[in-house]
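Student: Could you take me through one part of this model up close? I'd like to hear about the parallel sheet, and then a couple of residues elsewhere for contrast.

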Amino acid sequence: MDHAGKEYIEYQKEISDWFYLEEEKKSEYLNKRLDTWNIALLMQVIFERYSNKLYLLARYFKGCSKLKLQYPQSHRIAVYYYRYGKGGVERVLSYLLPLFVQAGYDVVLITDEEPEAEDYLLPPKVKRYSLPKQKDVLSGRKSCGQRVSKLLEILKEEKADTLCYHAASNPLLFYDLVAAKSMGIKVVISKHELFSQYMASGRDMLTNEIDVYPLADMLTVLSREEEVFWSILGIKSIMIPNPAGEISLENYQYNAESANIVWVGRLDSRQKQYQEIVPIMREVVKERPDCIINIYGNADGYQDKYLLENQIKENGLEKNIKYRGYSTDIKEIYKDAGVLLITSAYESSPMIILESKQLGIPLVTYSMPYLELLKNRRGFIEVEQGDTLAAARAVIKILSDPLFRTRLSSEAKWSVADYSNGRTMEKWDKVFLAEGETSNSIKQEEREESYRTILRTLIFHQSMGCQKYELLREKYEQLKIEQKLNQIKEICETRRKKLAVYPYGMLGRKMKGWIEEKHMEISLIVDNHLAEKDKKILSLEKLKEIDVSQFLFIICSDSPGIYEELREGLYEMVPQDHIFDWFPRDEERM
């Protein structure tokens, strides 16, 4: 075994032993060893053995003085994100990097992906590096240690004093963060996601986030609610709006007579809710048959594109709904848009709202009260989440009321007139200062309103997560039903058995329907209570008078109170190899 292999085994044992130390000694031990440990190898061991317990590890790493919050004034900034093309965060970075350079900072870009032709242009002075990809590390094709080693090599070579990390939900954030902090580098996490959005998809991200984020020197967020939320949890945070791109459509003038709607976003059913477009348009075209909606965005997969196209055909809306695919051509997207439609369940700070407001395009959107760009209540109509009829009526009102439409267009423009990249950069300068200043400008009454918005948002997204769980549970139950029915059919065909149901309650009746759908039939019904009323239904006692060996008896009950009693009665009359228990005791429940 080579030296590296021996060292790896030693680290495994040392970390295992560390877990059994007394609580008050864990941080102290880590602090002593961080100076001597091979950080890349340490992160490799932790990734392989304890990735499901990061929230525990992070608490003890936070207590290490070597990883304490650093406030050196930033000069050389390394910016990290997965990619640099095709996405909202990438677009933000394409605006942000030039601002950093213009402000006098030396900047390098670190991505997982290698440069591609469709990537955004890098400022001339910005160098780009690549790490082993996150997906390769998570799949085992590359090691976490290799990724950390490469990151440390880049940071050292570039003499970076600050790492600005724009992938706040990256499962590898902890490892990258600890590696950078071990070099005395300031780490700023820039969160482009909403605090509660993963609740909507049933994913537990907050458990790790509330313990991993405090390891960073600063968290930048995109709304007042985000700042309040993370501050309550003791995480140093500051709201910094996304920078604005230059919207310079030559000779552009909003067409106040256009019947065109535009919808922009990837075809994602959970966040963007593209499936809401068709029911909205179904109502709109009743009043405005000339109306067309152009959909711009890449599909998460072929299935989403197929489902959308199928939904359009089923409703006969091929002339009114056009899927245009992915485009970065702002001129093409907005050239003749009369209304922008947003059906998202959640967003953090979508660039399309800022861009459309700058161009004076009225907006119809589902309610997202935490969005800073909508807090002035100007230039748009907001409807409740999922209310497709209200959204359709809002679109019709804008298209049909010239005065109202003109007013919304004017309001949209002046509501972002003071939106300044200079102010955005002032906030970033505060982050990059030695003091690491945070925003203290939120008044008490604003905080109270933020609390209400946070709670409403948490409840809404928790509800979405529950709905997803229920849908998955129903699908799981349906798969179990299909599997069991196929087992019953196979037994009947191979062993030439007739089917009997016992007892004949709610599940027994459902069973009869399922069996008939499988082109089989129930030959015998057994139920003590019903036998008194119907001569065709047998009691358990009457089974003594028939040849039970020709039947397969399906037990259709999961009643906890009489579970054993009900089964014992049948077991006395019928051999157990002639019984199919629909709800056996040892069956896994979802």
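Tutor: Here is a walk through the sheet, followed by two residues outside it. Keep in mind that this is a predicted model.

The sheet is an open one, built from four strands in the order S15-S14-S16-S17, with parallel pairing. On its edges sit strand S15 (522-525) and strand S17 (579-581), and each of these pairs on one side only. If you ignore direction, neighbouring strands here are turned by 30° against each other on average. As a reminder, strands of a sheet pair through backbone hydrogen bonds, either parallel or antiparallel. Now look at S14 and S16: strand S14 (residues 498-502) runs parallel to strand S16 (residues 551-555), and five bridges join them. Within that pair, Lys498 stands opposite Phe551 in S16.

Next, helix H19 (residues 444-495), which is where you'll find Tyr451. Tyr451 counts as partly exposed because its relative accessibility is 32%, between the 20% and 50% cut-offs. Together with Ile210, Ile232 and Leu233, Tyr451 forms a nonpolar surface patch with about 330 Å² of accessible area.

For the other residue, go to strand S2 (residues 106-111), which holds Val108. With a relative accessible area of 7%, Val108 is buried, since the cut-off is under 20%. Setting aside neighbours within four places in sequence, Val108 is in contact with Ile77, Ala78, Val79, Val126, Lys127, Tyr129 and Glu158. Arg405, by comparison, is 297 residues from Val108 in sequence and 45 Å from it in space, C-alpha to C-alpha.

Terms used:
Residues numbered from 1 in each chain as written. Predicted model: local features only at pLDDT ≥ 70, side-chain atom pairs only at ≥ 80, totals over all residues. Heavy atoms only, no water. Pairing = 2+ DSSP bridges. Helix = DSSP H or I, 4+ residues; strand = E, 2+ residues; numbered from the N terminus. Axes fitted to C-alpha atoms, helices over the stretch in contact; angles between N-to-C directions. Patch = residues over 30% accessible without salt bridge, like charges linked within 9 Å, V, L, I, M, F, W, Y side chains within 5 Å. Areas by Shrake-Rupley, 256 points an atom, 1.4 Å probe, with all protein chains shown as cover. Salt bridge = Lys/Arg side-chain N within 4 Å of Asp/Glu carboxyl O. Buried < 20%, exposed > 50% of the residue type's maximum accessible area, 1.4 Å probe, protein only. Contact = heavy atoms within 4.5 Å.
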